[in-house]
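This report looks at one helix and its surroundings, and then at the side-chain pairs found elsewhere in the chain.

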Amino acid sequence: MPTAGNARSSLLVQLSPSRNAKLSFTVQLVLTLFWLAWATMLLVSENPTGDQNYLYYIFFGLSVVFLGYVILQNTSVFGIQSYIEVTQEYIVQKNGVFRTKMITAIPDIEAVHVSLMALRITQRDGNKVYLDLKQVRKKRDIEKVKSRIRELAAVHNFEVTEANLA
């Protein structure tokens with residue numbers, strides 16, 4: 001059931017990748033800024049050693065690259081990089097700039113199990129897709145995703161079961 005790509009036919013929910021990271025965004029940022037400060041201090045010291053000076057430039061360059069990676073992966077400065085998108089034709093989960101998209105076509109869905117913080121999708125070919133909703137930034141957005149899945153189930157005739165949340 002293709003639809004025109006208007007704003008109401010697509011639900012885009014931003015994710016926060018730092019919520020499932022081993023180090024939080026703040027720790028990554030502080031650590032990177034410390035590395036940058038240390039590399040800068042080594043470069044501007046009064047008596048740099050000539051034989052190891054190139055290592056300081058390499059360390060400084062890697063620190064700048066890692067700072068860019070941390071900011072790109074965890075903020076929306078360069079646009080939304082981590083998201084769940086639900087449309088009439090597919091569900092997409094993208095967990096960051098350097099990660100591949102997980103695309104599930106709506107007609108291929110046999111059943112969806114809705115739990116408190118996740119969606120478990122069973123496809124007609126037997127594959128299971130797990131969408132982790134812990135990274136969704138707002139509780140209201142979690143409810144939007146769940147209600148959109150329920151609406152699509154009525155249109156595309158797939159089963160929706162819900163965990164007993166009581």
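Immediately after helix α3, Asn157 adopts a positive phi of about 55°, in a model that is predicted. The helix that ends before this residue, α3 (residues 139–156), has 18 residues and spans 26 Å from its first C-alpha to its last, close to the 26 Å expected at 1.5 Å a residue.

The buried residues of α3 are Asp141, Ile142, Val145, Lys146, Arg148, Ile149, Leu152, Ala153 and His156. Because they cover an arc of only 160° around the axis, they lie on the same side of α3. This buried set packs against several strands, namely β1 (11–14), β2 (82–86), β3 (90–95), β5 (109–114), β6 (118–123) and β8, whereas the face of the helix turned away from the buried side carries the exposed residues Lys139, Arg140 and Ala154.

Helix α3 also takes part in salt bridges, of which a search of the whole structure finds two. In general, side chains of opposite charge can pair when their charged atoms come close. In one bridge, the side chains of Lys144 and Asp141 meet at 4.0 Å, N to O, and both residues lie in α3, three residues apart, or about one turn of the helix. In the other, the side chains of Glu162 and Arg150 meet at 2.8 Å, N to O, and this pair links distant parts of the chain, with Glu162 in strand β8 (residues 159–162) and Arg150 in α3, 12 residues apart. The accessibility of the four partners is set out below.

| Residue | Relative accessible area | Class |
|---|---|---|
| Lys144 | 37% | partly exposed |
| Asp141 | 12% | buried |
| Glu162 | 43% | partly exposed |
| Arg150 | 31% | partly exposed |

Asp141 is classed as buried because its relative accessible area of 12% falls under the 20% cut-off.

Turning to the aromatic side chains, the structure holds four aromatic pairs. In one of them, the rings of Trp38 and Phe59 have their centres 5.6 Å apart and their planes at 80°, so the pair is edge-to-face. Since Trp38 belongs to helix α1 (residues 25–43) and Phe59 to helix α2 (residues 53–74), the pair ties together parts that are 21 residues apart in sequence. Trp38 is partly exposed, with a relative accessible area of 40%, and Phe59 is likewise partly exposed, with a relative accessible area of 26%. Ring pairs link these two residues with Phe34, so that Phe34, Trp38 and Phe59 form a cluster.

Conventions
Residues are numbered from 1 along each chain as its sequence is written. This is a predicted model: local features need pLDDT of at least 70, side-chain atom pairs count only at pLDDT 80 or more; totals for chains, interfaces and linings use all residues. Side-chain values use heavy atoms; hydrogens and water are left out. Rings of Phe, Tyr and Trp (its six-membered ring) pair if their centres lie within 6.5 Å; planes under 30 degrees apart count as stacked, over 60 as edge-to-face and the rest as tilted. Helices (H or I, at least four residues) and strands (E, at least two) are DSSP runs, numbered from the N terminus. Buried means under 20% relative accessible area, exposed over 50%, partly exposed in between (1.4 Å probe, protein chains only). The expected span of a helix is 1.5 Å times one less than its number of residues. The arc is that of the directions from the helix axis to the C-beta atoms. Contact means heavy atoms within 4.5 Å.
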